[in-house]
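The exercises that follow are meant to be worked through with the sequence and the structure in view. Each one sets a task and then gives a solution in steps.

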Amino acid sequence: DWQERLRQERAELSGRLDRLRSFLDAYDNRFDDPKQQAHVALLTAQRIMMEAYLQILDQRLAMLPLDT
């Protein structure tokens, strides 16, 4: 049902976000090329958006009835 899909979407997003955070943490200014730096800047923006989306999913899940 849609509630289970919501839970699955949240779990998948959380995993992707964890992997992105790990990549960005390991980045540590290793790229000198401006194009690579721009790519990392975009990935950082993506991380912020993914975190916001995860918060929305968490709020939606918190609103579900407890018996589902």
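**Exercise 1: How two helices cross**

In this predicted model, helices H1 and H2 cross in a left-handed manner. Describe how H1 and H2 pack, giving the angle and the distance between their axes, and state which classes of residue make up their contact.

*Solution.* Two packed helices are described by the angle between their axes and the distance between the axes. As a first step, the values for this pair are an angle of about 150 degrees and an axis separation of 9 Å. As a second step, the angle is compared with the cut-off, over 145 degrees for a roughly antiparallel pair, and H1 and H2 are therefore roughly antiparallel to each other. As a last step, the residues in the contact of H1 with H2 are sorted by class, which gives 15 nonpolar, four polar and nine charged residues.

**Exercise 2: The nonpolar core**

Find the residues of the largest nonpolar core, and say which element gives the largest share of them.

*Solution.* In soluble globular proteins, nonpolar side chains tend to be buried together. Here the largest nonpolar core has 12 residues, among them Leu6, Leu13, Leu17, Tyr27, Val40, Met50 and Leu64. The next step is to assign the core to elements, and those that give two or more residues to it are H1 and H2. Of the two, H1 supplies the largest share, with six residues.

**Exercise 3: A salt bridge between the helices**

Arg10 and Asp58 meet in a salt bridge; work out which parts of the chain this pair links, and whether each residue is buried, partly exposed or exposed.

*Solution.* Side chains of opposite charge can pair when their charged atoms come close. For Arg10 and Asp58, the N to O distance is 2.6 Å, which is within the 4 Å limit for a salt bridge. Looking next at the position of each partner, Arg10 belongs to helix H1 (residues 2-27) and Asp58 to helix H2 (residues 34-62), so that the pair, 48 residues apart, links distant parts of the chain. Finally, because partly exposed covers the range between 20% and 50%, Arg10 falls in that class with a relative accessible area of 25%, and Asp58 falls there with 32%.

**Exercise 4: Salt bridges within one helix**

How many salt bridges does a search of the whole structure find, and how are the partners Arg16 and Glu12, and then Asp18 and Arg21, spaced along helix H1?

*Solution.* The search finds five salt bridges. One of them joins the side chains of Arg16 and Glu12, with 3.9 Å from N to O, and these two residues, being four apart in helix H1, are separated by about one helical turn. Arg16 is partly exposed at 46% relative accessible area, as is Glu12 at 36%. Asp18 and Arg21 form another, their closest N and O atoms lying 3.7 Å apart; they are three residues apart in helix H1, again about one helical turn. Asp18 has a relative accessible area of 40% and Arg21 one of 31%, which means that both count as partly exposed. In a last step the view is widened, and Asp18 and Arg21 turn out to belong to a network of salt bridges that also takes in Arg47 and Glu51.

Terms used. Residues are numbered from 1 along each chain as its sequence is written. This is a predicted model: local features need pLDDT of at least 70, side-chain atom pairs count only at pLDDT 80 or more; totals for chains, interfaces and linings use all residues. Side-chain values use heavy atoms; hydrogens and water are left out. Buried means under 20% relative accessible area, exposed over 50%, partly exposed in between (1.4 Å probe, protein chains only). Axes are lines fitted to C-alpha atoms, for helices over the stretch in contact, and angles run from 0 to 180 degrees between N-to-C directions. Angles under 35 degrees count as roughly parallel, over 145 as roughly antiparallel, 65 to 115 as roughly perpendicular and the rest as oblique. A crossing is left-handed if the near helix is turned anticlockwise from the far one by less than a right angle, and right-handed if clockwise. Ala, Val, Leu, Ile, Met, Phe, Trp, Tyr, Cys and Pro count as nonpolar, Asp, Glu, Lys and Arg as charged, and the others, Gly among them, as polar. A nonpolar core is a set of buried Ala, Val, Leu, Ile, Met, Phe, Trp, Tyr and Cys residues joined through side-chain atoms within 4.5 Å.
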